[in-house]
Amino acid sequence: MRVTPSMYYNSIYQKNNSNLNKELFDVNKQISSGLKIQYAQEDVPVFAQTMRLDNEITILSQVKLSTENGYKVANQTDSIMNEFSDLMNRFRTLLIQASNDTNDETARNSIASELRGIEKNLRSLANTSINGKYLFSGSALDVQPIDDNGIYQGNGDRLDAFVGSNNKQQFNMSGVDLFLGENTSVNRQITTNVGNANLLIKYPALQASAADGETLSASSDMRQFMGDTDNSSVPANTYYFYMRGTKSDGTSFSSKISLTDNDKVSDLLDEIGKLYGNTGAKQVVSVSLNSTGEIVIQDKINGSSNIDFHMVGAVDFSGGVAADVTTVDALDSGESSFDNIMNATSTAANPNLFVKEFTKSGFTSASGAPTNIEGLVYDRTSFSVEGSTISSNVPQIIKDTNAFAEPATKLSEVFDLSKGTAGTLDGTKLRLTGTMIDGVNPYDITINLDSAGSTFVDNIGGNTYSIFNMDTAGRAATDADEVTYQQLLDVVNMAVTNNLPAGATDADYDTAIADSRLSGDSYLSYDGKIAFKDLTNGNTQATMALHDVNSGDFTADPSVITFNSNNTLTVRDPKNDFFKSLDEMIQSVEEYKINPDATTGTERNLGMENSIARMDALQDHFFSMHARVGAQSNTLDQSLQRAQVLDVTTQTLRSSVIDTDLAEASLRLQQLTINYQAMLSTVGKVSELSLVNYV
C-alpha cells in the first residue's frame, strides 16, 4: 500500500493536534483557575474527595464560630465571677469586723451601709448583659435574672456550643446553678433562736454554788436550765420536753422525754441526738449548746436538707402533773416567764406551770392551736401574709433527690411514708383552715388521702368531694399515693376563693377549679414553698394554715409533712438562696445581733456569727461554680484551637487534592508547547516533501 501525504497528515498532525490542544487548554485552565478540575466528569475521585473535604471545612467553620462565641460568653462569665469573688471576700471580712464586740452601734451602722453597697454591686453583676443578652438567665436571655427583691427570674437551661460532630459543650452559667444551686458537700446546720441562761443566777438563794455563772454549758444541771422555786432537789422536779422534727432521711419524729434535777443539759442533748438516730457507735448528728444557750444541731450526713427541730420544755413547780400532757395544747395555761413565776406576777391560768420556749417565729396560730404561748406551736401556724400573697416557710423537698417539689411531684415522693400504714399515704389526713378572700367567711377542710380514692370534706358545709386528676379522662378519685402537689394546690385554691364544686362529678370539679383560678393562684414558689396569690385584692384579706391532723398529739404518729412551722433557723444548708441570704446577713448587722435572739428585731434572724458560717457555705458553692466556669472556658479554648488546627490541616489536604501546582503546571505547559511546536515543524517538513514529490 502506497503511503500518501494525506496519511502522513492524518497520522502526524490531526490526531496529535487535537490531543495537544486539549492538553494545552486543560493546563491553561488549571493555571488560570488554580484548580485541577472544575467539573465532576473530569476526575470523579478527585471531585468526590474535594466535596467531602469541603463539607468538613464547612463544619469546622461552624465549629469555630460556635466555639468562639461560646468562649466569649464563658470568658466574660469567668471575669464577672472574679469580681463576685472579690466582693464576697470583702463582704465576709466586714461580717467578721461587725461581730467584734469592740464595734459600737455607730461602727456597725457604717459596716451595714457598706454591706448594702456590696449587695447592690453583686446584684448589678448578676444582671450583667452582653449585647442585651443576660449572662445568668439560662436560656431566657432577654429576662433580667435578679429582680428588685433579689428573686431569680430566669431559668436553669444550659446553652451549648457546637464543638464537633455529636459533641456539645456548655458555655453558660445559669442563675439556678449559681444563685440557687446545691452544694452536696455541705452539712445542714440548724439552731434554735431563744437564748438560754442560768435561770437561778438572779436568785442567790436557789444557787447550788456561788461560782455558778450566768452562761449555761453541757455540764449545767436541769435546775439551772429549767429553773426551780426552792433550793431542794427532794422531791425532785420532773422536767418534760416535747420534741418534734425531721431526720436526715425525711422521716419525722415526735417524742416526749422526762429528766429530773439530777440530770444535766448534756443528757438533754444526748436525748435529742437519739431522736435523729445517734447511738453509742454512730453519730448521725451533733447536738450542742452555743455561747448564748441556743441548741445547735448539725447533720453529719452531707447533701441532705431535711433535718428540722422544735422543742417545748415544761415543769410543774407545784409538784403536780400539769407538765405531763399528751397534747401540747394543754400547756397553754402555763407561764412562759420564769421571772413572773418567781416574782408572783404571773397572770397565767396555772402560774406554777413553767413552759419554756426554744423557738419563736412571730407566726399567728392557726384555728384551734394555742394562742397564749407562741413557742408551743410547731406546724399549725398560719402562713405569712405580704400584700396579695400568702406564703409558707417550709420547702417541700423530694426525699430521694433532695430537689424541690414541683406541681407534678407526687405527695408520696415528699411525705414520710413510714408512719401509719408503712409504705403508703393511705389514711393520712390534712387540715386546711383559714379565712376566704372576702376576709369574712371561714373555711375548714379535711383532706383524706385514701388508696380507694382521695377526698376532701367541707367541715362547715358538710359536703364531701372526690379529688380528681384533671389530666385524666374517664376519671375516678385519685389513689392516695398518686395525688400530686398540683391537686393539693387545686383544693387550696377552691377553698380560699370559695369555689367548691357544685356537684360530685368530675365536670363539676373541673369547673370549680377553673372558676377558682379567676380569683386566686395557688402555686409552689421557686424554692418549693406553697403560696397563694389573691388576684382580686392588692392586700389580701385571706388567711391559711395547712397541717397534718396529728400535729401536737404525742399519743399519735408524728406529722408526715410540714408546710409551715415555728421551727429552728437554718444556718447552713446544701441548698443556697444567694441574695436572700445576703439580705439576712446584713440585717443581723443592722439589728446588732451577734447570735439569734427572738426577743428583739427580726425574730428569725441568724445573727452575725451564724451569718459568717452561712457566708462560708455560699463561698464554697460559689468557688465550685467558678471552677466549673473556668473548666468550661478551658474546654472551649482547647476546642477552638483544635478546630483551627483541623481547619488548616483540612484546607491543606483539600489544596493537595484539588489545587493546581503552578510550578508543575507551568513546566507541563512549557513541555506541551515545545511538543506542539515540534509537531508543527514535523508537519511542515512533511508538507514540503510532499510538494517536491508532487512537482
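## A charge over a ring

Let's start with a lysine and a phenylalanine. The charged end of lysine 356 sits over the ring of phenylalanine 225, 4.2 Å from the ring's centre. There is another case to look up while you have the structure open: lysine 575 places its charged end over the ring of phenylalanine 404, and here the distance to the centre is 4.3 Å. Keep in mind as you browse that this is a predicted model.

## Salt bridges that span the chain

Side chains of opposite charge can pair when their charged atoms come close. How many salt bridges turn up in a search of the whole structure? The search finds 25.

One of them joins aspartate 616 to arginine 92, with 2.5 Å between the closest N and O atoms. This pair links distant parts of the chain: aspartate 616 belongs to helix α11 (residues 608-658) and arginine 92 to helix α2 (residues 44-99), 524 residues apart. Are these two side chains buried or partly exposed? Aspartate 616 is partly exposed, at a relative accessible area of 24%, and arginine 92 is partly exposed too, at 25%.

Next, try arginine 116 and aspartate 583, whose side chains meet in a salt bridge at 2.8 Å, N to O. Arginine 116 is in helix α3 (residues 105-126) and aspartate 583 is in helix α10 (residues 578-590), so this pair ties together parts that are 467 residues apart in sequence. Arginine 116 has a relative accessible area of 24%, so it counts as partly exposed. Aspartate 583 is partly exposed as well, with 31% relative accessibility. The two also belong to a network of salt bridges that links Arg116, Glu119, Arg123, Asp583 and Glu590.

## A bridge between two strands

Now over to a pair of strands. Arginine 431 and aspartate 444 bring their side chains together in a salt bridge, 2.7 Å from N to O. Strand β14 (residues 428-435) holds arginine 431 and strand β15 (residues 442-449) holds aspartate 444, so the parts tied together are 13 residues apart in sequence.

Which of these partners is buried, and which is partly exposed? Aspartate 444 has 15% relative accessibility, so it counts as buried. Arginine 431, at 28%, counts as partly exposed.

## Rings meeting rings

A pair of aromatic rings is described by the distance of the centres and the angle of the planes. The structure holds 21 aromatic pairs. In one of them, the rings of phenylalanine 84 and phenylalanine 136 have centres 6.4 Å apart and planes at 90°, so the pair is edge-to-face. Phenylalanine 84 is in helix α2, while phenylalanine 136 is in the loop between β2 (133-134) and β3 (160-164), so the pair ties together parts 52 residues apart in sequence. Both phenylalanine 84 and phenylalanine 136 are buried.

Phenylalanine 317 and phenylalanine 338 give another pair: their ring centres are 6.1 Å apart and their planes are at 65°, so this pair is edge-to-face. Phenylalanine 317 is in the loop between β10 (308-316) and α7 (338-342) and phenylalanine 338 is in helix α7, so the parts joined here are 21 residues apart in sequence. Phenylalanine 317 is buried, with a relative accessible area of 11%, and phenylalanine 338 is buried at 4%.

## A cluster of phenylalanines

Which residues do ring pairs link into a cluster? They are Phe84, Phe136, Phe179, Phe578, Phe579 and Phe622. You have already met two of these: phenylalanine 84 and phenylalanine 136, the edge-to-face pair with planes at 90°.

Definitions and conventions: Residues are numbered from 1 along each chain as its sequence is written. This is a predicted model: local features need pLDDT of at least 70, side-chain atom pairs count only at pLDDT 80 or more; totals for chains, interfaces and linings use all residues. Side-chain values use heavy atoms; hydrogens and water are left out. A salt bridge is a side-chain nitrogen of Lys or Arg within 4 Å of a carboxyl oxygen of Asp or Glu. Helices (H or I, at least four residues) and strands (E, at least two) are DSSP runs, numbered from the N terminus. Buried means under 20% relative accessible area, exposed over 50%, partly exposed in between (1.4 Å probe, protein chains only). Rings of Phe, Tyr and Trp (its six-membered ring) pair if their centres lie within 6.5 Å; planes under 30 degrees apart count as stacked, over 60 as edge-to-face and the rest as tilted. A charge sits over a ring if NZ of Lys or CZ of Arg is within 6 Å of the ring centre and within 35 degrees of the ring normal.
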